[in-house]
Amino acid sequence: MTTHTDEHGPLESMESLATRGGGGGGQPQIVVEDDRTGMHPVTLERAVLDHLYYTCMKDPPSATLLNVYEAVAHATRDRLVQRWIRTQRAYYEQNVKRVYYLSAEFLMGRALGHNLMSLGAYDTARELLGAYGLELSHILEEENDPGLGNGGLGRLAACFLDSMATLGYPGYGYGIRYEFGIFEQQIRDGWQVERGDAWLRYGNPWEIARPEYTVTVNMYGRIEEKLDDHGRLRVHWVDTTRLLGVPYDTPIAGYGNNTVNTLRLWRARASKEFNFDVFNDGDYRRAVEDKADSETISKVLYPNDESAEGRELRLKQQYFFVCCAIHDIIRRFRKTESDFDLFPDKAAIQLNDTHPAIAVAELMRVLIDVEALEWERAWDITQRTIAYTNHTLLPEALECWPVAMFQRLLPRHLSIITEINRRFLRQVQISAPTDEGRRRRMGIIDADQIRMAHLAVVGSHSVNGVAQLHTDLLRSHVLKDFADMFGHKFNNKTNGVTPRRWLLLANRRLAAAITARIGTAWITDLPQLAALERYADDAEFHGELAAIKRENKAELAQLIRERNRVDVNLDSIFDTQIKRLHQYKRQLLNCLHIIALYQAMKADPGAPWVPRTFIFGGKAAPGYAMAKLHIKLINDVATTINDDPAMRGRLNVVFLANYSVSLAERAIPATDVSEQISLAGKEASGTGNMKFAMNGALTVGTLDGANIEIREAVGADNFFLFGMNAQQAQELKDRGYHSGEFIERSPRLRSALELIASGFFSPDDPKRFDPVLHDMWHNDPFMVCADFDAYVACQEAVGVAYRDPTRWARMVVHNLAHVGRFSSDRTIREYAEEIWGVKPVQISMR
């Protein structure tokens, strides 16, 4: 990002704008309605200049690129606001059922380019700025990526919001307005270093504060049980600590329609920000400590939970935004309805993984304690309203909270969960009277832990996985007892990604080439890409695809040069693995293959090796020591190889720091080979695999998650498959997996590990990677060693295919033509029709 000063900036040549658009006396003519909402190029020019003056308080000679971004953003937001108001009015007037998507993450990406595209104003803005010597691409770079998510979970939520708006479904997102995101990743001497991600330091022109909808959130305290005037037992939550949730709204624009939905994020504030008496007594720090403690809740996404304080903060975060959301949903319901039996007909609450699972207990609390409903009626309403999406097969990711923590922080919710558990276990006992093991396995409360996934399953009317294999494994393993008892609840909704951001916006060259051949219908109906099949053997299309890929690679190579100071060969295979750092995603498998390839190239330098550039990116959780050590290993390997003159132009390795949506938008269109190499049976779905395939990258992958469905769609001949399937991996584990045996049988793997052990990549600390080596020899929980030789053979097959440009291009076309079902539009239609029961609403601007 450029340095922002008050010195003369890039808009000096725009001063003449003040005299355009019909204004007299050298000033623009301000016609409020037209200048706020009009789409004519001259009107947009006037609007941008108006905001430059009156929002940014800058004249053209002193404006910086940041000021131009802010002016264009506000002019764009004005056009969204008109549609936003019309959308919300239509929902109220038609009294429609709404979807409420609760998620701890929303990895939205930059908004300006996407919103211009949705409004059909992208090219207009580019031409407007170009007329004054400015590049729209440079203006877009001024926007910080919102620090509201980390990985696939948050990006999926963003894609879903886009699809809901584009399809016209009444949808709302609810989450937390994290002030510092997860963290800004810096790489220092190869190590990940975490720094606060101050993404709001220059403000956010897209959000609108809504203090009039502030919610009071209670925590701690105790419960009292009393009989009411009718002799019914009532529970009161008293002596609580209060804080406030202040909402900030962001518009979510549909593509090519007038729908603008809402993402509502909550900021935590103290209910009493300043203790004046304490201040006057001279204790200045304690005077504001309530404010500091309360606002910590919305500071950081996923605080380190290695300490008890960190775990409690995570639970506070989850309850905070769920409480605010439930309050807001009921407030909106109360505007038009009074009979809570209608609540499930007006509200569908979708839990995006287990983070918002406390919504089951919170909705019950409000219905019973505030609305005075009887338990049975409240439970029926809760179950018919809430649906749960599971996103993981890893046991450690199925959140559990200590009962003692709940007792201290949320005593009323603990009592509700205890009663839900008692009633549920009675159902289990009736269904299987002699199976004590089932009751123990299915309990929501297990000894001193509360199993949040179990609470979500029991409290929902729908439980879905996010790929067919994932759903099958939920039914057969992870949640088998629940699937046996509640088979009707379980269903599959394979994930998808929005083609608007991930193809139309991120890869405009490829999008234009597609549109030139099959028209624009694919943008909102991705299966239309099937029409590209007729070009599978078209030499002209092959040549255009190759030229587009090379241009995209050149842009990424420039970024690599600027950030990593490494020059890469544009004729090399760009092989990319960008995703959250976790052992099950097996970045280590990729790294070990690179080491083995390096050794082979050094041993036989005259062989016709296909040049390769391996690209990594992703963040490791701050407390995940092994994943952070893997990052260090990758970077040490990269330094060694990149510094070896014999590898120049033949083999490079780069780790792109601070992976984000905007970085993915640069890397994915430039990629030749997509690495989707998790151990089969561990990845729920994956969505990066879809984004890469949508951009013409070929997949190297296992039969895991959505890889299976992608391979079925594009054809086995157009997918590089390797490794065990989920059943084979499970059988190997059941027999007793001994990684050392696989190392002994694989000379290449053993040699790679021995090179690491020798200190070749870490001469300053030869023992640095001993924990990695020990894990490989004696543990290897995700069976890297078992799949290594198959992976190496698969990579050799990639090289053979790449040497044949016609074959490679044909495979690319087959991938492009058959990714249509992996649009998030398809996924959202399935949710809407099969789980939520919502209908699209057409928004008219007349």
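A residue is called buried when its relative accessible area is under 20%, exposed when that area is over 50%, and partly exposed in between (1.4 Å probe, protein chains only). The legends below use this term.

**Figure 1. The whole chain of the predicted model**. This is a predicted model, in which local features need pLDDT of at least 70 and side-chain atom pairs count only at pLDDT 80 or more, while totals for chains, interfaces and linings use all residues. Residues are numbered from 1 along each chain as its sequence is written, and side-chain values use heavy atoms, with hydrogens and water left out. The chain contains 35 helices and 23 strands; helices (H or I, at least four residues) and strands (E, at least two) are DSSP runs, numbered from the N terminus. The radius of gyration is 28 Å, close to the 28 Å that the globule rule gives for 846 residues, so the chain is as compact as a globular protein of that length. This radius is taken over C-alpha atoms, and the rule is 2.2 Å times the number of residues to the power 0.38. Of the 846 residues, 61% are buried.

**Figure 2. Close-up of Arg314 in helix 11**. Helix 11 spans residues 308-334. Is Arg314 buried or exposed? Its relative accessibility is 19%, so Arg314 counts as buried. Leaving aside residues up to four places away in sequence, Arg314 touches Tyr302, Pro303, Asp305 and Trp401. Contact here means heavy atoms within 4.5 Å.

**Figure 3. Close-up of Ile595 in helix 24**. Helix 24 covers residues 587-603. Ile595 has a relative accessibility of 0% and therefore counts as buried. Which residues does Ile595 touch, not counting those up to four places away in sequence? They are Val637, Ala752, Leu755, Ile756 and Phe761. Gly221 lies 374 residues from Ile595 along the chain, and the C-alpha atoms of the two are separated by 57 Å.

**Figure 4. Close-up of helix 28 and what covers its buried residues**. In helix 28 (residues 707-714), the residues Asn707, Glu709, Ile710 and Val714 are buried. They cover an arc of only 165 degrees around the axis, which puts them on the same side of helix 28. The arc is that of the directions from the helix axis to the C-beta atoms. The cover of these buried residues includes helix 19 (468-478), strand 21 (673-676), helix 27 (688-694), strand 22 (698-701) and helix 34 (805-817). Just after helix 28, Gly715 takes a positive phi of about 100 degrees.
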